Amino acid sequence: MGSDTEAEKSIQKEKKKFAISLAPIAKPLAGKKLQKRTFKLIQKAAAKKCLKRGVKEVVKSIRRGQKGLCVIAGNISPIDVITHLPILCEEAGVPYVYVPSKEDLAQAGATKRPTCCVLVMLKPAKGDLTAEELEKLKTDYEQVSDDIKELATSVI
C-alpha cells in the first residue's frame with residue numbers, strides 16, 4: 001500500500017514539473033482532443049514525407065511561401081528559440097498551435113530527437129501523392145486547421 005501512495009506522489013510531482021515547464025507564450029494551447037488529432041495528422045504527414053521538422057526548416061519553408069500547419073512545442077528552453085515563430089506564422093497566414101511536449105511532437109513526427117516545431121504541408125518534398133492519399137491527408141488537415149482557427153479566435 002505504501003508504494004501506491006509513493007507512485008501517486010511521483011505522478012503528482014511530474015504533473016507539477018510539466019505545468020511549470022510550459023512556456024508562458026504557449027497560446028493557443030491544444031486540448032487533449034485536438035492534440036490527439038494533431039499528432040495523428042503529423043504521423044500521416046511524416047509517412048507521406050509532407051513534414052518539415054525543426055525551427056530552421058520551418059522558418060525557411062514559411063519564408064519561401066509554403067503553406068501548412070505549424071505545430072510548436074510549449075516546453076522549449078530557452079524560449080527565445082521559438083518566440084519569432086508565431087509572428088512569422090501570423091504574417092504568412094499559417095495557422096499554428098502549441099502542444100505541451102517536444103518529446104511527443106518528435107514521436108508523432110517519426111524522429112527520436114525532441115523537436116521544437118513541425119510544419120505539416122499538403123505537398124511532399126519530393127514526388128507526388130496519389131489522389132486518394134492526398135484526399136485523406138487533406139480532410140484531416142482541414143479538420144485540424146479549422147479546430148485551430150476556432151481555438152485561436154476563442155483565445156483572442
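**Entry 1: helix α2**

I began with the outward side of α2 in this predicted model, and found that the face turned away from the buried side of α2 carries the exposed residues K32, K33, K36 and A47. I then listed the buried residues of α2, which are L34, Q35, T38, F39, L41, I42, A45 and A46. Looking down the axis of α2, I noted that these buried residues fall within an arc of 160°, so they line one face of the helix. I reminded myself that an α-helix has 3.6 residues a turn, so residues three or four places apart point the same way.

I also checked the length: α2 covers residues 32-47, and its 16 residues reach 23 Å from the first C-alpha to the last, close to the 22 Å expected at 1.5 Å a residue. After α2 comes K49, and I wrote down that the phi of K49 is positive, near 65°.

**Entry 2: helix α3**

Next I asked which residues are buried in α3, the helix of residues 55-63. They are V55, V58, V59, S61 and I62, and down the axis of α3 they fall within an arc of 165°, so they too line one face of their helix. On the face turned away from this buried side I found the exposed residues K56 and R63. The buried residues of α3 pack against β1 (51-53), β2 (69-73), α4 (85-92) and β4 (117-120). G65 follows α3 and has a positive phi, near 95°.

**Entry 3: the nonpolar core**

I looked up the largest nonpolar core and found that it has 42 residues, of which I42, C70, I72, I82, L105 and V120 have the most contacts inside it. Several elements each supply at least two residues of this core, among them α3, β2, β3 (96-99), α5 (102-108) and α6 (131-155), while the largest share, six residues, comes from α2. Following I82 further, I saw that it touches V55, I72, A73, I76, Y98 and C116, leaving aside residues up to four places away in sequence.

**Entry 4: two cysteines**

How many disulfides does a search of the whole structure find? It finds zero. I wanted to know why C70 is not bonded to C89, and the reason is distance: the sulfur of C70 is 3.9 Å from that of C89, its closest cysteine sulfur, which is too far for a bond, since the cut-off for a disulfide is within 2.5 Å. I then asked whether C70 is buried or exposed. C70 is buried, with a relative accessible area of 0%, and C89 also counts as buried, at 0% relative accessibility.

Conventions:
Residues numbered from 1 in each chain as written. Predicted model: local features only at pLDDT ≥ 70, side-chain atom pairs only at ≥ 80, totals over all residues. Heavy atoms only, no water. Helix = DSSP H or I, 4+ residues; strand = E, 2+ residues; numbered from the N terminus. Expected span 1.5 Å × (residues − 1). Buried < 20%, exposed > 50% of the residue type's maximum accessible area, 1.4 Å probe, protein only. Arc of directions from axis to C-beta. Contact = heavy atoms within 4.5 Å. Core = buried A, V, L, I, M, F, W, Y, C linked by side-chain atoms within 4.5 Å.
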